[in-house]
Amino acid sequence: MKTKVYIDGQEGTTGLKIVERLEERSDITLLKIDSALRKDPQERQRLMNQSEYTILCLPDVAAIEAVSLIENEAVKVIDASTAHRTHEEWAYGFPELSSQHRQKIQSSKRVAVPGCYASGFAALVYPLVTAGILPQDYPIVCHATSGYSGGGKQTIQAYEATPRPIEYEAPRLYALEQQHKHLKEMQFVSNLDYAPIFNPIIADYYQGMTVAIPLHTRLLAKGVTVETLQQFFMEHYANQSFIKVSPTSPSGFLGANGVVDSNVLEIYLSGHEEQILLVARLDNLGKGASGAAVQCLNIMMGIDETTSLKE
């Protein structure tokens, strides 16, 4: 018997990528909604309750509403919106963070897919805080660069329009008020006392991102070096299919689009005795969105988590 999956919001950027990853699978039947009815709540409700897994690729308010439409207690939900990422009753869909995260995904009927920036941030910060290497009250600053696809349809259209403002040709800072929607998630998931200062940048390329966190060794646990942290991350993420810790420091430049169209998240460390730079590189449409959703689906189905995903 094939597993029935319905994607609510399958015409959006994330939804389309999930469809692309699932439509050729022989173990899944994708329940499709007529394009003329894609906003019809009754038809959406019918398909959700008919499915075994519903994946939500919707704005936050719409995602909350969609969950309320599910009456079939057997339906499992994977939500790619921000709505449930800090909800205690929902599993956080980043299985590599810890065995507890993986177990909760396996056993839960409600899983929230991490945000793209938050994925890179948590991959770097959560293990360090949990191990006592990074204090919970550390004044973290995070710099991140993403391709414009992360902004969704409207942003994609704005960047690909002709003509367009000249500022679009250069990297642009945004969320300057320190109210980015991923901040609450970044703090909550990483068990921090305070939200980080977050400096996101959107640039004129389609997809891929880097998330960088500079650290002062004087504020860390004693004896921390680039080498000891590198070994720590290699051990923490040992035997994980999608997290790759570089054994060497990058030299020169590190492009943000190095792992596009994959579900890989790479970790790089560099620096010296007083300062260390942590960098996570991922595809904002892969491990940062659709790839993470499919990985969670595979885990919940009890099959190889790499199925239909590129390492």
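Here are a few questions and answers about this predicted model and its helix 5.

Q: What makes the chain as compact as a globular protein of that length?
A: The secondary structure of the chain comes to nine helices and 13 strands. Its radius of gyration is 19 Å, close to the 19 Å that the globule rule gives for 311 residues, so the chain is as compact as a globular protein of that length. Along its principal axes, the C-alpha trace spans about 60 × 50 × 35 Å.

Q: How many of the residues of the chain count as buried?
A: A residue is called buried when its relative accessible area is under 20%. By that cut-off, 54% of the 311 residues qualify. The chain exposes about 14,500 Å², and carbon and sulfur atoms supply 50% of that area.

Q: Why is helix 5 called largely enclosed by the rest of the structure?
A: Set its residues against the cut-off for buried, under 20% relative accessible area. Of the 15 residues of helix 5, 14 are buried, so the helix is largely enclosed by the rest of the structure.

Q: How do you know that the reach of helix 5 is close to the expected one?
A: Helix 5 covers residues 116–130, and from its first C-alpha to its last it reaches 21 Å. At 1.5 Å a residue, 21 Å is expected, and the two values are close.

Q: Where does helix 5 bend, and what follows the helix?
A: The bend is at Ala-122 and comes to about 40°. That angle lies between axes fitted to the seven residues ending there and the seven starting there. After the helix comes Gly-132, with a positive phi near 80°.

Conventions
Residues are numbered from 1 along each chain as its sequence is written. This is a predicted model: local features need pLDDT of at least 70, side-chain atom pairs count only at pLDDT 80 or more; totals for chains, interfaces and linings use all residues. Side-chain values use heavy atoms; hydrogens and water are left out. Helices (H or I, at least four residues) and strands (E, at least two) are DSSP runs, numbered from the N terminus. The expected span of a helix is 1.5 Å times one less than its number of residues. Buried means under 20% relative accessible area, exposed over 50%, partly exposed in between (1.4 Å probe, protein chains only). The radius of gyration is taken over C-alpha atoms; the globule rule is 2.2 Å times the number of residues to the power 0.38. Accessible areas come from the Shrake-Rupley method with a 1.4 Å probe; for residues, only the protein chains shown count as cover.
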